[in-house]
Amino acid sequence: MIRRPKHEMPIIPTANLVDIAILLIIFYMACSNFLSVTGKLTPPKAPDLYKIEEPLITVSVDQEGAIMLQGHAAANAAEVEAVLSELLKDKTAEDSKKRMVMFKCDATVNRQVYQPVLDAIVHAGGLILAVGDNREK
Amino acid sequence: MRRKFHMRQLTQDAVPTTSLADMMFLLLIFFIMTTTLARTTGFITDVPMGTKGAQQSSEKSPSVVLHDGKITVGEDQDMTMPQLRNYIAGLHLDRKKGDAKVVMISAEGVVPYQTYYETLAMVQNASGVVALVSDEVEKK
């Protein structure tokens, strides 16, 4: 009678798996950026755009022409100007970073919608940070 | 000896952590699915405002008028987008200083944001200063 050696099942140590998962979760939580824009928005395209740091204030116009300020619906450009004036009132001309207002607008929106909003940002003392997608020349 | 140790372990009030890994992986999958590691691209512009009256008075600044799918430079020089690019590059705005860098941009009629944005980006990339010309606004 031949004695077969006992084959023990190899054990994969999984005790540290939780630590790795937690580290990955922290990474994703730190990098995540939940979208504040509710409507559908296709940004315009232009060549030679550069990477920009997202400021705290965001104004967006979706393809339906709905204006959103900080993720909340704004009735019109006048309301945008009033709220932005309040937000930017303490920011001096030297604080260019703090005066930045990110403007996201759908590429198909007509001028009657976006131009008053751009005017409102400028009148409120904001620096326009116009967001678009990079396109090859 | 081994058995004794095992018994001692069971009697301790330990928090069960066996399902922690499953929960962590569920969270991980959620974050992987929802995260967009998007880079925001665009340009920053400190726009001086002007009105049509002001535009007429400043003869020196080149003006670009966008109207109903057409691009007009100066008085009546119609251009396509590539032609406008060459025109703006030919202005050598990077060599100029102060008000000489200003390019007036106005829009009339139906102008989609795509056209407007591309024109603004063009002037910005050529080291110019964009001045948006809007209709006269009565300030009370």
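The paragraphs below go through a predicted model, beginning with the make-up of chain B and ending with two loop residues.

Chain B has five helices and seven strands. Read from the N terminus, its elements follow the order α-α-β-β-α-β-β-β-α-β-α-β. Of its 140 residues, 26% count as buried. Contacts in chain B often link distant parts of the sequence: among those between residues at least 6 apart, 75% join residues at least 24 apart.

Strand β6 of chain B, residues 102-108, is a useful place to start. Six of the seven residues of β6(B) are buried, so the strand is mostly covered. β6(B) has a parallel pairing with β3(B), residues 63-67, made over five bridges. In that pairing S63(B) stands opposite M104(B). β6(B) also runs parallel to β7(B), residues 129-134, and five bridges join these two strands. Here V102(B) is the residue opposite V129(B). Between β6(B) and β7(B) the chain passes through helix α5(B), residues 113-125, in a β-α-β crossover that is right-handed.

The next question is how chain B meets chain A. In this model 36 residues of chain B are in contact with 41 residues of chain A. On the chain B side, the elements that give two or more residues are α2 (20-34), β1 (41-45), α5 and β7. Helix α2(B) provides the largest share, nine residues. By type, the residues on this side of chain B divide into 23 nonpolar, 10 polar and three charged.

Strand pairing also links the chains. β1(B) and strand β7 of chain A, residues 127-131, pair in the antiparallel sense over four bridges. Within this pairing I128(A) stands opposite T45(B). Strands of a sheet pair through backbone hydrogen bonds, either parallel or antiparallel. The sheet that contains this pair is open, has seven strands and mixed pairing, and follows the order β2(A)-β1(B)-β7(A)-β6(A)-β3(A)-β4(A)-β5(A). β2 (50-51) and β5 of chain A each have a single partner strand and stand at the edges, so one side of each is left without a neighbour in the sheet. For β5(A), the partner is β4(A): the two pair in the antiparallel sense over three bridges, and M68(A) stands opposite A73(A) in β5(A).

Helix α2 of chain A packs against several of these strands. Which residues of α2(A), spanning 77-87, are buried? They are A77(A), V80(A), E81(A) and L84(A). These residues cover an arc of only 100° around the axis, and therefore lie on the same side of α2(A). An α-helix has 3.6 residues a turn, so residues three or four places apart point the same way. On the other side of α2(A), A78(A) and E86(A) are exposed. The buried residues of α2(A) pack against β3 (57-61), β4 (67-69), β5 (72-74), β6 (100-105) and α3 (111-123) of chain A.

The largest nonpolar core has 56 residues, and those with the most contacts inside it are V101(A), F103(A), V117(A) and I121(A). The element that gives the most to this core is α5(B), with seven residues. What does I121(A) touch, leaving aside residues up to four places away in sequence? Its contacts are V59(A), L84(A), V101(A), F103(A), G126(A) and I128(A). L84(A) is also one of the buried residues of α2(A), and I128(A) is the residue opposite T45(B).

Two loop residues of chain B remain. Most residues other than glycine have a negative phi, and most peptide bonds are trans. H92(B), which is not a glycine, has a positive phi near 50°. H92(B) lies in the loop between α4 (81-90) and β6 of chain B. Is H92(B) buried or exposed? H92(B) counts as exposed because there are 10 C-beta neighbours inside 10 Å, and the cut-off for exposed is 12 or fewer. S127(B) is not a glycine either, yet has a positive phi of about 65°. S127(B) is in the loop between α5 and β7 of chain B. Because S127(B) has 13 C-beta neighbours inside 10 Å, this residue counts as partly exposed.

Terms used
Residues are numbered from 1 along each chain as its sequence is written. Chains are lettered from A and ligands numbered from 1 in the order in which they are written. This is a predicted model: local features need pLDDT of at least 70, side-chain atom pairs count only at pLDDT 80 or more; totals for chains, interfaces and linings use all residues. A residue is buried if 20 or more other C-beta atoms lie within 10 Å of its own, exposed if 12 or fewer, and partly exposed in between; C-beta atoms are placed from the backbone. Two strands pair if DSSP finds at least two bridges between them. A crossover is right-handed if, with the strands pointing away from the viewer, the path from the first strand over the helix to the second runs clockwise. The arc is that of the directions from the helix axis to the C-beta atoms. Two residues are in contact if their C-beta atoms, placed from the backbone, lie within 7 Å. A nonpolar core is a set of buried Ala, Val, Leu, Ile, Met, Phe, Trp, Tyr and Cys residues joined through C-beta atoms within 7 Å. Ala, Val, Leu, Ile, Met, Phe, Trp, Tyr, Cys and Pro count as nonpolar, Asp, Glu, Lys and Arg as charged, and the others, Gly among them, as polar.
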